[in-house]
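This briefing is meant to be read with the sequence and the coordinates side by side. It goes from individual elements to the sheet, and then to the packing around it.

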Amino acid sequence: MKKLLSLAYIMIASALIIQMASCLTPRKGPQKLYTKTVQEGKIYDAIIVPGIPFNNGSWDSVMKARVIWSWVLYKNGIAKNVIYSGAAVYSPYKEAVIMGLYAEQLGIPKEHIFYDTNARHSTENVYYSYLVAKEQGFKSLALATDPFQSFMLKAFLEKRFGTPIARLPFVTDTLAAYSYLNPRINPRKAKVNNFVSITEQESFFKRFRGTLGRDINWAKHPDGKLEAL
């Protein structure tokens with residue numbers, strides 16, 4: 001019975017993802033948002049960069065794209081600081097720390113890199129990073145990730161936070177110019193001892209609820225949203 005339920009949830013989630021993906025414009029949409037940001041002269045105190053599992057001793061294409069995009073936004077003066085977010089979820093490496101190590105190699109100073117190592121789901125990436133921003137006194141935030149994740153989190157960003165969080169999904173054509181970059185890091189700094197994968201701790205349904213932000217205790221926040229920064 002549990003296997004059938006899990007299969008049903010997978011099918012439902014897949015159908016929703018396919019439907020949403022059909023609405024995406026991975027090139028035009030991100031470019032439009034970035035151009036508007038530049039034209040309006042917007043500068044964010046920090047950008048939030050969600051993590052992704054670190055496997056096989058090297059970043060994959062998605063992590064590379066997210067980290068390089070954060071570096072582009074920093075060096076272009078659009079982001080003053082970067083908050084990397086992600087615990088050791090599917091591999092024994094804290095995703096946030098891994099990304100930060102790559103970012104340092106690209107040239108983002110340590111003093112402008114901040115970490116959340118609690119998040120295990122994309123909604124939590126934003127939630128815990130918002131708390132980091134509040135602790136640091138940041139007043140403006142943007143989510144800097146891939147177009148798909150940015151789109152998936154759009155409603156969550158609009159509903160749950162007292163201070164609006166802008167979206168700055170990466171521009172594929174811009175990243176293409178930096179495809180040659182391949183810095184090296186020592187991942188041991190991010191490794192967790194006695195690691196247990198989330199797949200061994202939680203059922204698919206429990207993980208799916210977490211993806212929807214159901215593991216966050218919204219009841220402790222007035223009106224179910226975080227107060228303004």
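**Helix H5 and the overall picture**

In this predicted model, H5 is followed by Gly137, a residue whose phi is positive, near 85°. The protein chain as a whole comes to 10 helices and 5 strands, and buried residues make up 47% of its 229 residues. Among contacts in the protein chain with a separation of 6 or more, 77% are between residues 24 or more positions apart.

**More on H5**

- At 1.5 Å a residue, the 15 residues of H5 should span 21 Å, and the end C-alpha atoms of the helix are indeed 21 Å apart, which agrees with that expectation.
- The buried residues of H5 include Ser122, Thr123, Glu124 and Asn125 at the beginning of the list, and further along Val126, Tyr127, Ser129, Tyr130, Val132 and Ala133.

**The sheet**

- The 5 strands form an open sheet in the order S3-S2-S1-S4-S5, and the pairing is parallel.
- Strand S3 (113-116) and strand S5 (165-167) stand at the edges with a single partner strand each, so one side of each is left without a neighbour in the sheet.
- From one strand to the next, the twist averages 30°.
- Strand S1 (residues 46-50) pairs with strand S2 (residues 82-85) in the parallel sense over 4 bridges, and within this pairing Val49 stands opposite Tyr84 in S2.
- Helix H3 (residues 61-75) packs on the sheet, where H3 touches S1 and S2, and the direction of the helix makes about 175° with that of S1.
- Helix H5 (residues 122-136) also packs on the sheet, touching S1, S2, S3, strand S4 (141-143) and S5, and the direction of H5 makes about 130° with that of S3.

**Strands S1 and S2 in detail**

- In S1, 5 of the 5 residues are buried, so the strand is largely enclosed by the rest of the structure.
- Both faces of S1 are covered, with Ala46, Ile48 and Pro50 buried on one side and Ile47 and Val49 buried on the other.
- S1 is joined to S4 by 3 bridges, and these two strands run parallel.
- Ile47 has Ala142 as its bridge partner in S4, and Ile47 also stands opposite Val82 in S2.
- S2 likewise has both faces covered, since Val82 and Tyr84 are buried on one side and Ile83 and Ser85 are buried on the other.

**Nonpolar cores**

- The largest nonpolar core holds 42 residues, of which Met63, Val67, Ile68, Trp69, Leu73 and Tyr84 touch the most other members.
- At least two residues of this core are supplied by each of S1, H3, S2 and helix H4 (95-106), and the largest share, 9 residues, comes from H3.
- Leaving aside neighbours within four places in sequence, Val67 is in contact with Trp59, Tyr84, Met99, Tyr102, Ala103 and Leu106.
- Another core, of 21 residues, lies apart from the largest one, and its members include Tyr127, Ile165, Ile216 and Leu226.
- As general background, nonpolar side chains tend to be buried together in soluble globular proteins.

**Helix H2**

- For helix H2 (residues 28-39), a rise of 1.5 Å a residue means that its 12 residues should span 16 Å, and the end C-alpha atoms are 16 Å apart, which agrees.
- The buried residues of H2 are Pro30, Tyr34 and Thr37, and, seen down the axis of H2, these buried residues fall within an arc of 60°, so they line one face of the helix.
- In an α-helix there are 3.6 residues a turn, so residues three or four places apart point the same way.
- The buried residues of H2 pack against H3 and helix H6 (147-152), whereas Lys28, Lys32 and Gln39, on the other side of H2, are exposed.
- Gly41 follows H2, and the phi of this glycine is positive, near 65°.

Conventions. Residues are numbered from 1 along each chain as its sequence is written. This is a predicted model: local features need pLDDT of at least 70, side-chain atom pairs count only at pLDDT 80 or more; totals for chains, interfaces and linings use all residues. Side-chain values use heavy atoms; hydrogens and water are left out. Two strands pair if DSSP finds at least two bridges between them. Axes are lines fitted to C-alpha atoms, for helices over the stretch in contact, and angles run from 0 to 180 degrees between N-to-C directions. Contact means heavy atoms within 4.5 Å. A nonpolar core is a set of buried Ala, Val, Leu, Ile, Met, Phe, Trp, Tyr and Cys residues joined through side-chain atoms within 4.5 Å. Buried means under 20% relative accessible area, exposed over 50%, partly exposed in between (1.4 Å probe, protein chains only). The expected span of a helix is 1.5 Å times one less than its number of residues. The arc is that of the directions from the helix axis to the C-beta atoms.
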